[in-house]
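Q: I should like to learn how to read the features of a model such as the one shown here. Could we proceed residue by residue and then turn to the interior?

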Amino acid sequence: MKKNAEKTNVMRVLDQKKIPYTSYCYADTGVISGVDVASVLKQNPDQVFKTLVTAGNSNNHYVFLVPVQKELELKKAARAVGEKSIHMLKSKDLLPLTGYVHGGCSPIGMKKQFRTVIDASAANFETILFSGGKIGYQVEVPFEELKKAFPFELEDITD
């Protein structure tokens, strides 16, 4: 496992906005699931977040960040964004919409900035980790610095 293997778009955006971060490369491990990623990086799985993209009945898209060992509660998530209901975006629709592939999706650097909601549990940590924008890469960012990177709301959105 290397610490600074290659710069991703996410890292370039963080550099540009002068947001401190630590990058992790675990591409050589073959690990895919978020819980396994947390384990390989020796991180608390409550502090490692997955990025989920959804669509609402209004055809608006939303981004949710939830801890890797939890599930997005669709009813809570829909309420958080004022939708009657939402559904997960299909993997094949992810790349054209966001510029990211399934497993490498990050809330930073998407083609378009979508309304983003982070699970309220993130506020319990000084830093959180999430995808570095490419499969096999994670970034750890101070939670207080995140608001410089993209606008977001905090809500209880997990089961």
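Q: Is Leu95 buried, partly exposed or exposed?

A: This is a predicted model. A residue counts as buried under 20% relative accessible area and as exposed over 50%. Leu95 has a relative accessible area of 44%, and is therefore partly exposed. Leu95 belongs to helix H4, residues 91–98.

Q: Which residues form a nonpolar patch on the surface with Leu95?

A: The patch consists of Leu95, Val101 and Ile135. Together they have about 250 Å² of accessible area.

Q: How should one read the burial pattern of a helix, and which residues of helix H1 are buried?

A: An α-helix has 3.6 residues a turn, so residues three or four places apart point the same way. In H1, which spans residues 9–16, the buried residues are Val10, Met11, Val13 and Leu14. Viewed down the axis of H1, these buried residues fall within an arc of 160°, so they line one face of the helix.

Q: What covers the buried residues of H1?

A: The cover includes three strands, namely E1 (22–25), E6 (127–131) and E7 (137–142), together with helix H5 (146–149).

Q: How many residues does the largest nonpolar core have, and which have the most contacts inside it?

A: The largest nonpolar core has 30 residues, and those with the most contacts inside it are Leu14, Ile108, Phe130 and Leu146. At least two residues of this core come from each of H1, strand E2 (49–56), strand E3 (61–67), E6, E7 and H5. H1 supplies the largest share, four residues. Another core, of 12 residues, lies apart from it; Tyr62, Ala77, Ala80 and Val81 are among its members.

Q: Which residues does Leu146 touch, leaving aside those up to four places away in sequence?

A: With those neighbours left out, Leu146 touches Ile118, Ile128, Phe130, Val141 and Phe152.

Q: How should one read the sign of phi, and what is the value for Lys18?

A: Most residues other than glycine have a negative phi. Lys18 has a positive phi, near 55°. Lys18 follows H1 and lies in the loop between H1 and E1. Its relative accessible area is 69%, so Lys18 is exposed.

Q: What is the phi of Asn59, and where does Asn59 lie?

A: Phi of Asn59 is also positive, near 70°. Asn59 is located in the loop between E2 and E3. With a relative accessible area of 63%, Asn59 is exposed.

Q: How many residues separate Ala55 and Ala27 in sequence, and how many Å in space?

A: Separation along the chain and separation in space are read as two values. Ala55 and Ala27 are 28 residues apart in sequence and 29 Å apart in space, taken from C-alpha to C-alpha. Ala55 is part of strand E2, and is buried because its relative accessible area is 7%. Apart from residues up to four places away in sequence, Ala55 touches Asn60, His61, Ser85, Ile86, His87 and Leu89.

Q: What distance separates the C-alpha atoms of Val35 and Pro67?

A: These C-alpha atoms are separated by 9.0 Å, while the two residues are 32 residues apart along the chain. Val35 is in helix H2, residues 34–40. A relative accessible area of 40% makes Val35 partly exposed. Not counting residues up to four places away in sequence, Val35 touches Val68 and Gln69.

How values were computed: Residues are numbered from 1 along each chain as its sequence is written. This is a predicted model: local features need pLDDT of at least 70, side-chain atom pairs count only at pLDDT 80 or more; totals for chains, interfaces and linings use all residues. Side-chain values use heavy atoms; hydrogens and water are left out. Patches are made of residues with over 30% relative accessible area and no salt bridge: like charges are joined within 9 Å, nonpolar side chains (Val, Leu, Ile, Met, Phe, Trp, Tyr) within 5 Å. Accessible areas come from the Shrake-Rupley method with a 1.4 Å probe; for residues, only the protein chains shown count as cover. A salt bridge is a side-chain nitrogen of Lys or Arg within 4 Å of a carboxyl oxygen of Asp or Glu. Buried means under 20% relative accessible area, exposed over 50%, partly exposed in between (1.4 Å probe, protein chains only). The arc is that of the directions from the helix axis to the C-beta atoms. Contact means heavy atoms within 4.5 Å. A nonpolar core is a set of buried Ala, Val, Leu, Ile, Met, Phe, Trp, Tyr and Cys residues joined through side-chain atoms within 4.5 Å.
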